Amino acid sequence: MFNLAIGLGVVLLLAILFLIFRISSLISVAKGNTNKIETSSNKINGAMFIVFLVGTGFLFFWYSFKEFDNYNLPVASEHGSEYEFLFWITMAVTGVVFVLTQFLLFYFSWKYQYKENTKALFYPENNKLEIIWTFVPAVVLAILVFTGWRVWTDITAPAPENTNNIEIMGYQFAWGVRYPGLDGELGNTDYRVIEATNSFGIDFNDKASYDDFIPREMHIPKGEPVTFNIRARDVLHSVFAPHFRLKMDAVPGMPTSFTFTATKTTEEMREELNDPEFNYEIACTEVCGRGHYSMKLTLIVDEPEEYMEWYAEQESFLKRNPEYLSKVPTELKEVALLKTGIEN
Ligand SMILES: [Cu+2]
């Protein structure tokens, strides 16, 4: 409501300014003074440039400081600090250039507005200037791109052998999570067998799938590599876990992955922030439809021992939904019963 009022106020103010401008030009036309129209419209436009510069400049700094804590969340992953370093270097370079160029753009528009009796300076070329403003940005950008490329290669390096594989599947409008069970191997999936219950399309021809489990809560261990194996069931989604400086698109038909190591448990973060309600979150950062905003998933980081305990307690999908045993090929039935711990 408050925002709407501000919006309306701004529109109204612009309308009033426009009307004043129109009336003053009409009066000048009526008086037969065309030269004056140009001068007065240039003056108004010039003044508006300064108003815009000061107004938006204020909003830019005000918002940046006010929301600083919200876009600079505490880091909770190993690669996060490397990422952070690069982010703030880039932010400093582009921030200084942004402020400087925007200031000059609007200030010059006001300063060099049309004035009677003033003649523009003819300044055809200056090779020295050309070289400087080509060379300096080229070097700065090359350094930024090279450092970025190095950090990115580091972050996306192949997952180590002992990584904890977890599957995350985006769909309209939630995240589904699947763990590989005690064999440590995620079973195959097949989109053709997706149903209301088997929403992941778990393929029961693959014995690795029998102990896979779909938990109610998502847990990961602290200090151990974790690989998110990411896919989408319908449209583009994007896995975003800001505290871990993690973002990776979920693309239908094209699996992606992201490997990282969490450095702080949920409990430790709660203490650090002095907020007993704190929870890590995964959000979707790809506008994927009407319910996009609701794609929120709580992620709990445990100490490795707690994680193992939780992991061992989970019941496999097959154990929870024994009717799917009928989809298991006859020759693999025994393996399935053994892996799921279902009594025959
Ligand atoms: Cu989404």
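**A walk from an exposed loop to a copper site**

With a relative accessibility of 70%, Asn274 counts as exposed, because the cut-off for that label is over 50%. Let us start from this residue and work our way inwards; keep in mind that what you are viewing is a predicted model. Asn274 belongs to the loop between helix H6 (266-273) and E8. Its backbone is worth a look too: Asn274 is not a glycine, yet its phi is positive, at about 55°.

A second residue makes a good companion to this one. Arg245, also not a glycine, has a positive phi near 50°, and its loop is the one between E5 and E6. Is Arg245 buried or exposed? Its relative accessible area is 11%, and since buried means under 20%, Arg245 counts as buried.

The loop of Arg245 brings us to a sheet. Five strands make up this open sheet, in the order E3-E9-E8-E5-E6 and with mixed pairing. The edges are held by strand E3 (218-221) and strand E6 (246-250); each has a single partner strand, so one side of each lacks a neighbour in the sheet. From one strand to the next, the twist averages 25°. Within the sheet, E5 and E6 run antiparallel and are joined by 5 bridges, with Ser238 standing opposite Asp249 in E6. Helix H7 (residues 304-313) packs on this sheet, where it touches E3 and E9, and its direction makes about 140° with that of E3.

At the E3 edge, the pairing with E9 is parallel and extends over 4 bridges. One of the facing pairs here is His219 opposite Ile300 in E9. Although E3 is an edge strand, both of its faces are covered: Met218 and Ile220 are buried on one side, His219 and Pro221 on the other.

Now for the metal. Which residues hold the copper ion? Its protein donors are His237 through ND1, Cys284 through SG, Cys288 through SG and Met295 through SD, at 2.1 to 2.5 Å from the ion. The angles among these 4 donor atoms run from 94 to 125°, and the site is tetrahedral; the label fits because all angles must lie between 85 and 135 degrees. Along the sequence, the donor residues follow the spacing H-x46-C-x3-C-x6-M. His237 and Cys288 link distant parts of the chain, 51 residues apart: His237 sits in strand E5 (residues 237-241), and Cys288 in the loop between strand E8 (280-284) and strand E9 (297-302). Both of these donors are buried.

His237 itself has a relative accessible area of 0%. Leaving out neighbours within four places in sequence, the contacts of His237 include its fellow donors Cys284, Cys288 and Met295. Others among its contacts are Asp249 and Ala250, as well as Gly170, Tyr171, Gln172 and Trp175.

Some of those contacts point towards a second sheet. This one is open, has 4 strands in the order E2-E1-E4-E7, and shows mixed pairing. Strand E2 (174-178) and strand E7 (256-261) are at its edges with a single partner strand each, so one side of each is left without a neighbour in the sheet. Neighbouring strands here are turned by 25° against each other on average, with direction ignored. Strand E1 (residues 164-171) runs antiparallel to E2, with 5 bridges joining the two, and Met169 stands opposite Gly176 in E2. Between E1 and E2 lies a loop that contains Phe173, and the peptide bond joining Gln172 to Phe173 is cis, with omega about 5°.

Our last stop is helix H9 (residues 333-340), whose buried residues are Ala336, Leu337 and Thr340. Seen down the axis of H9, these residues fall within an arc of 95°, so they line one face of the helix. The exposed residues Glu334 and Leu338 are carried by the face turned away from that buried side. What do the buried residues of H9 pack against? Their partner is helix H8 (317-320).

Just after H9, Gly341 has a positive phi of about 75°. Ile342 is in the segment after H9 and counts as buried at 19% relative accessibility, because the limit is under 20%. Not counting residues up to four places away in sequence, Ile342 touches Leu318, Lys319, Leu325 and Leu337. Ile342 and His292 are 50 residues apart in sequence, and their C-alpha atoms are 38 Å apart in space.

Definitions and conventions. Residues are numbered from 1 along each chain as its sequence is written. This is a predicted model: local features need pLDDT of at least 70, side-chain atom pairs count only at pLDDT 80 or more; totals for chains, interfaces and linings use all residues. Side-chain values use heavy atoms; hydrogens and water are left out. Donors are N, O and S atoms within 2.8 Å of the metal (3.2 Å for Na, K and Ca); water is not among the atoms, so sites may look incomplete. Four donors count as tetrahedral if all angles lie between 85 and 135 degrees; four count as square planar and six as octahedral if opposite donors are over 155 degrees apart and all others between 65 and 115; anything else is irregular. Buried means under 20% relative accessible area, exposed over 50%, partly exposed in between (1.4 Å probe, protein chains only). Two strands pair if DSSP finds at least two bridges between them. Axes are lines fitted to C-alpha atoms, for helices over the stretch in contact, and angles run from 0 to 180 degrees between N-to-C directions. Contact means heavy atoms within 4.5 Å. The arc is that of the directions from the helix axis to the C-beta atoms.
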